[in-house]
Amino acid sequence: MTTQLGRERPLTVGIDVGGTNIRASVVDGAGDVRDTVQAPTPHSERALEDGLARAVRELRARHAIGAVGLAVAGFVDETRTAVRFAPHLPWEDTPVARRLSDRLGLPVILEHDANAAMWAEYRFGAAAGARNAVLVAIGTGIGAALLVGGELYRGSYGVAPELGHLQVVPNGRSCPCGKRGCWERYCSGTALVDTAIEALATDPLRSTILAREVTRDPGSLTGRRVAGAAQDGDPVAIQVMLEFAGWLGLGLAAVSDLFDPDLIVVAGGVSSSAALYLDDARDHYAAAITGARHRPLARIRTTQLGEAAGMIGAAELARAALAPEPDPAAAPDPAPNTPSGQDSTTDGKAPAHR
C-alpha cells in the first residue's frame with residue numbers, strides 16, 4: 001500500500017502482551033499480517049522486556065521494521081509511554097516504551113489492548129466507515145474502547161472507558177476490582193462459568209452434559225465448554241447462554257444511552273460463540289434502550305479481525321506515530337499569487353467537484 005506521495009508505508013510490529021503469551025506480528029500498511037512469533041509471557045519486569053526485545057529482533061532479522069506498538073491489558077498513561085498498572089503483568093508506573101525503544105533503537109508506543117483492537121476494526125474491519133463506535137471485548141472480563149468522530153477516546157488520564165466495571169447489580173457478585181455487581185461478573189467467559197455453577201447447584205438433574213463434566217473434573221468448566229454444551233443441546237447451558245444474552249443486551253443499552261454510537265463491535269473470546277446469543281442480545285438491547293421507538297439503534301456486529309485485532313491495531317498506531325499520512329480530504333494549499341486560494345485557471349470561478 002502506498003501513500004499519496006507514492007512512498008510505501010513502512011512495516012511495523014504489533015505485540016499483544018498477554019498474561020499467558022506474547023504474540024508479535026509484522027503488519028503492513030493494508031493491515032495484513034506478514035509474519036508472527038509467539039512465546040510464553042515471563043513474569044518479571046526484566047525477563048518480560050527481554051522477551052519483547054527478543055521477539056522484535058527475531059522479526060527484524062527477516063523484515064525492515066519502522067516502529068513497534070504494544071497492546072497491553074492494563075492502564076496505559078495518557079502519553080502512551082508508560083504502564084500505570086496491568087493485573088497480569090509485572091509493570092507498575094513503568095516507562096515501558098522508553099526502555100524498549102532504547103534497547104531496540106526504534107520508536108515504541110503503548111496502547112490499551114481494547115483500544116488497539118478498536119483501531120484495527122475501524123481501519124480494516126467491522127467498524128470501517130463508523131464515526132462513533134464502541135468495542136466490547138468479552139473474554140475473562142470485559143475490555144472496552146470508544147471511537148468518537150473517528151478518533152480513539154482515552155479520557156484525561158488514558159484509562160477510559162472501563163465499561164466492564166459499571167455496576168449492574170447492587171451488592172451483586174464480587175469482582176476482583178473490589179466492587180460488587182460489575183457488568184463483567186454477569187457478561188464474560190468467567191460469568192458463564194459462575195452462572196452455570198449456580199444453575200447446576202439448583203437443579204443438576206436438568207443438565208445432560210455440564211453436570212457430567214463438573215462431576216468428573218470440577219475445575220474443568222470454562223466459558224468455552226459452557227457454550228459448547230449449549231451448542232450440543234444441554235438445557236442448563238442453553239439457559240446460561242440466554243441469561244448471558246440478557247446481560248449483554250442490558251449493558252449495551254446502557255452504553256448506547258451514554259454514548260449514542262452508530263456501531264457496536266463485539267470482540268474477545270466469547271464472540272466466537274455469537275451465534276448462540278447475539279440475536280437474543282439484540283432483542284434485549286432494543287427493549288432496554290431509552291426511547292427505542294424514536295431513535296436509530298446502533299448496528300451490532302462481531303469482530304472481523306478476531307484475535308489478531310490487538311496486534312494489527314497496535315502496529316497501525318505505531319505506524320501513524322512514525323509518519324502520519326496526509327489527510328486525503330484536506331483542502332490543498334492556496335495557489336501562489338491567487339486571492340483566497342482560487343484556482344488561476346478558472347477565472348475566479350470555483351473549480352468543479354469531481
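The legends below accompany a set of close-up views of this predicted model.

**View 1. Five strands line up in an open, mixed sheet.** Read across the sheet and you will meet the strands in the order β11-β10-β9-β12-β13. The edges are taken by β11 (151–152) and β13 (299–302); each has a single partner strand, so one side of each is left without a neighbour in the sheet. As a reminder, strands of a sheet pair through backbone hydrogen bonds, either parallel or antiparallel.

**View 2. Strands β9 and β10 pair in the antiparallel sense.** Here β9 (residues 133–138) and β10 (residues 142–148) are joined over six bridges. Which residue of β10 is the bridge partner of Ala-137? Look for Gly-143.

**View 3. Helix α3 lies across four strands.** The helix covers residues 113–124 and lies across β9, β10, β11 and β12 (263–267). Relative to β10, α3 runs at about 50°.

**View 4. A salt bridge links helices α1 and α2.** The structure holds 22 salt bridges, and this view picks out the one between the side chains of Arg-103 and Asp-50, at 2.6 Å from N to O. The pair ties together distant parts of the chain: Arg-103 belongs to helix α2 (residues 96–104) and Asp-50 to helix α1 (residues 45–60), with the two 53 residues apart. Arg-103 is partly exposed because its relative accessibility is 29%, and Asp-50 is partly exposed too, with a relative accessible area of 23%. In general, side chains of opposite charge can pair when their charged atoms come close.

**View 5. Glu-58 forms a salt bridge with Arg-62.** The closest N and O atoms of this pair are 3.7 Å apart. Glu-58 has 37% relative accessibility and so counts as partly exposed; Arg-62, at 45%, is likewise partly exposed.

**View 6. Arg-84 meets Glu-78, and three further residues share a network.** The side chains of Arg-84 and Glu-78 form a salt bridge of 2.4 Å, N to O. Arg-84 counts as partly exposed at 29% relative accessibility, while Glu-78 is partly exposed with a relative accessible area of 41%. Salt bridges with shared partners also join Asp-16, Arg-23 and Glu-307 into one network.

**View 7. Three nonpolar side chains make a surface patch.** Leu-166, Leu-258 and Phe-259 together offer about 250 Å² of accessible area. Phe-259 sits in helix α7 (residues 235–259). Is Phe-259 buried or partly exposed? With 32% relative accessibility, Phe-259 counts as partly exposed.

**View 8. A cis peptide bond joins Ala-160 and Pro-161.** Omega for this bond is about -10°. To find the spot, follow the loop between β11 and α4 (189–202), where Pro-161 is found. For context, most residues other than glycine have a negative phi, and most peptide bonds are trans.

**View 9. Asp-93 and Asn-171 have positive phi values.** Phi is near 50° for Asp-93 and near 55° for Asn-171. Where should you look for Asp-93? Try strand β7 (residues 92–94). Asn-171, for its part, lies in the loop between β11 and α4. Asp-93 counts as exposed because its relative accessibility is 59%, above the 50% cut-off. Asn-171, at 68% relative accessibility, also counts as exposed.

Key
Residues numbered from 1 in each chain as written. Predicted model: local features only at pLDDT ≥ 70, side-chain atom pairs only at ≥ 80, totals over all residues. Heavy atoms only, no water. Patch = residues over 30% accessible without salt bridge, like charges linked within 9 Å, V, L, I, M, F, W, Y side chains within 5 Å. Areas by Shrake-Rupley, 256 points an atom, 1.4 Å probe, with all protein chains shown as cover. Salt bridge = Lys/Arg side-chain N within 4 Å of Asp/Glu carboxyl O. Buried < 20%, exposed > 50% of the residue type's maximum accessible area, 1.4 Å probe, protein only. Pairing = 2+ DSSP bridges. Contact = heavy atoms within 4.5 Å. Axes fitted to C-alpha atoms, helices over the stretch in contact; angles between N-to-C directions.
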